[in-house]
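Thanks for making the time; I would like to talk through the salt bridges today, so please have the sequence and the model open in front of you.

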Amino acid sequence: MPITSHYRFFATAPKYTETLLLQELRPLNVLEAAETVGGVSFTGDLVMAYQACLWSRIANRVLLELKKTRVDSPEDLYDAIYSINWQEHFTIDDTFAIDFFSTQSAIAHSQFGAQKCKDAIVDQFRRQSGERPSVDKKNPAIRINVHVKKSMAVISLDLSGHSLHQRGYRTHNVEAPLKENLAAAVLMRANWPALAQAGLTLIDPMCGSGTLLIEASCMAANIAPGLFRRDFGFNVWKRHEENLWQTLRREAESARQQNPALLPNIIGFDNDPDAISATQHNLKAAGLEQLIKVRQQNISVLRNEGYGASGLIVTNAPYGQRLGDNQSLLPVYEQLGKQLKSEFRGWNASVVTSDAALAKATGLHARRINKLYNGKLLCHIYHFDPEGAKPVDKPAAAGEAAHLGALKPESHSRESIIRQTPKDTALENRLKKNLAHLQKWAGKRGVACYRIYDADLPEFNFAVDCYRSDKLFVVLQEYAAPKYIDASKVNARKNIILSTLGELLDLPGQQIFYK
């Protein structure tokens, strides 16, 4: 790999947070940024990669692409790895590890693939110098990422080292905590950055180990999450530019807001004294013990103690799959809903849970719902409206289709539509393919209005147009179906395309219009 100032990168992210990662990378002036499943690709120099490692609150890893090539067999994989001059990147004194992933590939076994990559690197060092570097799977100096999809392999250097969600401040944990970057995603979905700018208060009534509180404080005080860490994957990389990195760190330290008087109130409660203790330890490790107030308190006595007419209640509430029986948790959610309605009308409220029945127990209306994986567990972020008392929509039975009529602003939550509508694989694949091409094309050219689908499949005789201003809006128009086609079948197809669009574009119902 020739020495260059221009590289290709891929920042990985948890599923359903890729859009948030794209939004936070763009202000860093990365080039050719494109969202895809599992992350965002971009190009640029080392400054951009270092900035992503330093400032991204969402990314898990920042990968520098070394080679992209076709591999049809284990031997092809070995040759591809061997073709890279590894002594340009690290020495025999540096330990290394291989992260190997494959999808629909002839090399299906990840451990075998990783072993083949390791053999190629070790063999190359031996033939060039007579010695070999050691493998350290737990704490390597150099981490190499190899991803094979079908017959295409991408070989990358992991500039992150340990996953970027491991900020370094969480020294004490409670059961079932949110990862730091997932907590950041919840806060972004809850619009906390804008609320913090307005000086509004944030309260986590079930704060656990304090991750949401700390991430909220870092956003409000403009603290780069990478400042908590000293150890990155690029530290021993031969092409690492230490002076450049230290300059970027100093700039980030200078950008931090140091005056607590200029920051919003951030407050945490929990009924468990061990959780409060864990939060206090983590606040101290983050150097934020002076900025965040915490105390032991049951949800039943949650009050608006002069915190203002508006603000944000946000919490990763307990949910049964990981912390106990759901029936025993229903009173907790009922009490939360009661306190929000009586004490926090006019506030925003965002609650993470994996169980729709628990969310419904709040008695609150979810104006918007976002998906989120907490580990392998699919959760949802319910953005409630404490002004009203309408319950969350009850999920329909499997395969049941909802009758939508013309979709108008605020008429249905997107997740309600998705839950109640069967999928069509051909339509979903066609829309994914069109979006992958057209969103990238529109982004490069600054195009705000474009068509992503025009009766591509005969069964779905629709035109779909995207309009982007401060938000993305979609207009769905239906070509008249022949009279011999049953009206119920036409309506079912309309429901399917509405559901698919809402899910692929991650849009609430009020941003999709049907004509």
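**Salt bridges in the predicted model**

Let me begin with one pair in this predicted model: Glu-305 and Arg-295 bring their side chains together in a salt bridge, with an N to O distance of 2.8 Å. Arg-295 belongs to strand β10, whereas Glu-305 sits in the loop between β10 (292–296) and β11 (311–316), so the pair ties together parts that are 10 residues apart in sequence. As for the surroundings, Glu-305 counts as partly exposed because its relative accessibility is 41%, and Arg-295, at 35%, counts as partly exposed as well.

Now to a pair that spans 132 residues in sequence. Here the side chains of Glu-503 and Lys-371 form a salt bridge at 2.7 Å, again taken from N to O. Glu-503 is part of helix α15 (residues 487–505) and Lys-371 is part of strand β13 (residues 365–374), so this salt bridge ties a helix to a strand. Are these two residues buried or exposed? Both Glu-503 and Lys-371 are buried.

There is also a case with shared partners, in which salt bridges join Arg-451, Asp-454 and Asp-465 into one network.

My last pair is Asp-119 with Lys-118, whose side chains meet in a salt bridge at 3.3 Å, N to O. Lys-118 has a relative accessibility of 19% and therefore counts as buried, given that buried means under 20%, while Asp-119, at 25%, counts as partly exposed.

To place these examples in context, a search of the whole structure finds 15 salt bridges.

Methods. Residues numbered from 1 in each chain as written. Predicted model: local features only at pLDDT ≥ 70, side-chain atom pairs only at ≥ 80, totals over all residues. Heavy atoms only, no water. Salt bridge = Lys/Arg side-chain N within 4 Å of Asp/Glu carboxyl O. Buried < 20%, exposed > 50% of the residue type's maximum accessible area, 1.4 Å probe, protein only. Helix = DSSP H or I, 4+ residues; strand = E, 2+ residues; numbered from the N terminus.
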